[in-house]
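Me: I'd like to learn how to read burial, pockets and surface patches in a model. Could you walk me through this one?

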Amino acid sequence: MTTFVSTVHVLTVEVEEKKSKKGEPYTVRKASCILLDDDGKPVTVGAIRSRLLPTEFWEKLVPGMYRAVFALRVPEWGDDKGDIVPVVTQLTPIQPRAAKPAGV
């Protein structure tokens, strides 16, 4: 399996309880994030949603810096069924890098 590694700064974590059309409860989660390059500079801002992050990661996710390992997978159910999508396979909290002094 091919994996991709990135540094992600999680800004907020939102959890919303909803009900399906049949009245069954389910949880929607979203983490607003900044994706950083190898030098720690922002590349883009976006969200990681429920289906891209396994439940065990959501239970521990709080704002902060993380090393995220992504892999490409093909889900067997849901809106992405049959599509190749990125999924977080590892999420490790890290300490933010100290800024380099000017001229270094």
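Reply: Happily! Let's begin with burial: a residue counts as buried when its relative accessible area is under 20%, and as exposed when that area is over 50%. In this predicted model, buried residues make up 23% of the 104 residues in the protein chain.

Me: Which elements does the protein chain have, and in what order do they run?

Reply: DSSP runs give the helices and strands, numbered from the N terminus. Here there are 1 helix and 5 strands, and from the N terminus on they follow the order β-β-β-α-β-β. The C-alpha trace spans about 60 × 30 × 20 Å along its principal axes.

Me: Now the largest pocket, please. How many residues line it, and which lie nearest its centre?

Reply: A lining residue has an atom within 4 Å of a pocket point. The largest pocket holds about 650 Å³ of space. Its lining has 21 residues, with Ser-50, Arg-51, Leu-52, Trp-77 and Asp-80 nearest the centre. By class, 11 of the lining residues are nonpolar, 4 polar and 6 charged.

Me: Which element gives the largest share of that lining?

Reply: That is β2, with 4 residues. β2 (25-36), α1 (55-58) and β5 each supply at least two.

Me: And which residues make the nonpolar surface patch?

Reply: Patch residues need over 30% relative accessible area. Phe-4, Leu-72, Val-74 and Ile-84 make a nonpolar patch of about 400 Å².

Me: Why can Val-74 be part of a surface patch?

Reply: Val-74 is partly exposed, with a relative accessible area of 47%, so it passes the over 30% cut-off. You'll find Val-74 in the loop between β4 (64-73) and β5 (85-94).

Definitions and conventions
Residues numbered from 1 in each chain as written. Predicted model: local features only at pLDDT ≥ 70, side-chain atom pairs only at ≥ 80, totals over all residues. Heavy atoms only, no water. Patch = residues over 30% accessible without salt bridge, like charges linked within 9 Å, V, L, I, M, F, W, Y side chains within 5 Å. Areas by Shrake-Rupley, 256 points an atom, 1.4 Å probe, with all protein chains shown as cover. Salt bridge = Lys/Arg side-chain N within 4 Å of Asp/Glu carboxyl O. Buried < 20%, exposed > 50% of the residue type's maximum accessible area, 1.4 Å probe, protein only. 1 Å grid on protein atoms, 1.4 Å probe; cavity = no way out; pocket = protein on both sides within 12 Å on 5 of 7 lines; lining within 4 Å. Points joined across faces, edges and corners; volume = space filled by probe spheres on them. Nonpolar A, V, L, I, M, F, W, Y, C, P; charged D, E, K, R; others polar.
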